[in-house]
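Hi everyone, thanks for making time for this. I'd like to walk you through one structure, a piece at a time, so please have it open on your screen.

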Amino acid sequence: SKPKVLRAFLDFNGQRSQRLTHTVGVGDPCGIHYVYNNGNGSLACVWRGEFVDATPMWHDRGDGSFKPLGDVVFLTNEPQLDVVNDPSSPHPKSYEEGRFRSRGYTIDKSSGAPVFHYELDGMKVKDMCFPDAMENTLIREIKIENTLPGARCRIAYGNEIQKLESGRYLINGRYVIELADPTGATLRKSEGFSELFINAGSLPIRYKTIW
């Protein structure tokens, strides 16, 4: 009857070699679920249907991992928020030691969903997702205090990102991103990949993931 929060390891893309160790699975009664990476502030994956198979956490000696159930859309295992002096700068694959500090999560009283907190380069970040069963979407809202010049969020990346006539973005032909405010959005090619960025300002970053 309320969201379930379960901390466990996640094998990104189902690969043991890409195991993420600071992930939190959030299951919602409406059947839209996600895994948040508390190690770098990214949204790792989303899916619909049943929540997780937690058997690997306890079976035999257990290895601390769970498996999302259903058709999982893996999003990213890399950081999403960054601060740059040059907009053409490459996006980091990981944070340098000391830049990122997780502050855990609190529970929103009205929804029962977790609100994740972290600090990056002195900025204070609140990150929260709202499942919308009516539209089969996951709404994400990122609020930043003390926003630094050059702060940006990489919303998505992949082999191909296509901007649709509706203003939405199709990622790898697999899922769609809809920005609440497309102002400051940038689509670019880098090292053979497409990347979708949005500048971070005084207003929250808000977008929908549709799949």
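Let's begin with one aromatic residue. Phe 100 is buried, because its relative accessible area is 15% and anything under 20% counts as buried. One thing to keep in mind for this whole talk: what you see is a predicted model.

Now, what sort of aromatic pair do Phe 100 and Tyr 118 form? The two rings make a tilted pair, with 4.8 Å from centre to centre and 35° between the planes. If you wonder about those two numbers, a pair of aromatic rings is described by how far apart the centres are and by the angle of the planes. The partner, Tyr 118, is buried too, at a relative accessible area of 3%. Try tracing the chain from one ring to the other: Phe 100 belongs to strand β9, residues 100-107, while Tyr 118 belongs to strand β10, residues 114-120. The two residues are 18 apart, and their pair links distant parts of the chain.

How many aromatic pairs are there in total? The count comes to seven. There is also an aromatic cluster to look for, made of Tyr 36, Tyr 105 and Phe 116.

Next, let's look at a sheet. Four strands form an open sheet, and their order is β8-β13-β18-β17, with antiparallel pairing. Why do β8 and β17 each have one side without a neighbour in the sheet? They stand at the edges, β8 at residues 81-83 and β17 at residues 185-190, and each has a single partner strand, so one side of each is left free of a neighbour there. On average, neighbouring strands in this sheet are turned by 35° against each other, ignoring direction.

Let's zoom in on two of these strands. Strand β13, residues 151-158, runs antiparallel to strand β18, residues 193-199, and six bridges join them. If you'd like a landmark, find Ala 156, which stands opposite Leu 196 in β18.

While we are in this area, here are two charged residues over rings. Arg 152 lies over the face of Phe 197, at 4.1 Å from the ring centre. Arg 154 has its charged end over the ring of Tyr 157, at 4.0 Å from the centre of that ring.

Between β17 and β18 there is a loop, and Glu 191 is found in it. This residue has a positive phi of about 55°, although it is not a glycine. Is Glu 191 buried or exposed? Its relative accessibility is 66%, so Glu 191 counts as exposed.

Asp 60 is another residue to look up. Its phi is near 55°, again a positive value in a residue other than glycine. You'll find Asp 60 in the loop between α1 (55-58) and β6 (67-68). With 71% relative accessibility, Asp 60 counts as exposed.

On to the cysteines. How many disulfides are there? The count is zero. Take Cys 30, which is in no disulfide: the nearest cysteine sulfur is that of Cys 129, 12 Å away. Cys 30 counts as partly exposed, at 33% relative accessibility. Cys 153 is in no disulfide either, and the nearest cysteine sulfur to it, also that of Cys 129, is 11 Å away. Cys 153 is buried, with a relative accessible area of 1%.

One more cysteine, and a leucine that touches it. Cys 45 lies in strand β4, residues 42-48, and is buried, with a relative accessible area of 0%. Setting aside neighbours within four places in sequence, its contacts include Leu 10, His 33, Tyr 34, Val 35 and Pro 68.

So let's follow that contact to Leu 10, which is found in strand β1, residues 4-11. Leu 10 is buried, with a relative accessible area of 1%. Beyond its neighbours within four places in sequence, Leu 10 is in contact with several residues, among them Leu 20, Val 35, Cys 45, Phe 66 and Phe 74. Leu 20 sits ten residues from Leu 10 along the chain, and their C-alpha atoms are separated by 5.2 Å. For another distance, try Cys 45 and Val 125: they are 80 residues apart in sequence and 20 Å apart in space, C-alpha to C-alpha.

That's my tour, thanks for listening!

How values were computed. Residues numbered from 1 in each chain as written. Predicted model: local features only at pLDDT ≥ 70, side-chain atom pairs only at ≥ 80, totals over all residues. Heavy atoms only, no water. Pairing = 2+ DSSP bridges. Axes fitted to C-alpha atoms, helices over the stretch in contact; angles between N-to-C directions. Phe/Tyr/Trp six-rings, centres within 6.5 Å; stacked < 30°, edge-to-face > 60°. Buried < 20%, exposed > 50% of the residue type's maximum accessible area, 1.4 Å probe, protein only. Lys NZ or Arg CZ within 6 Å of the ring centre and 35° of its normal. Disulfide = S-S within 2.5 Å. Contact = heavy atoms within 4.5 Å.
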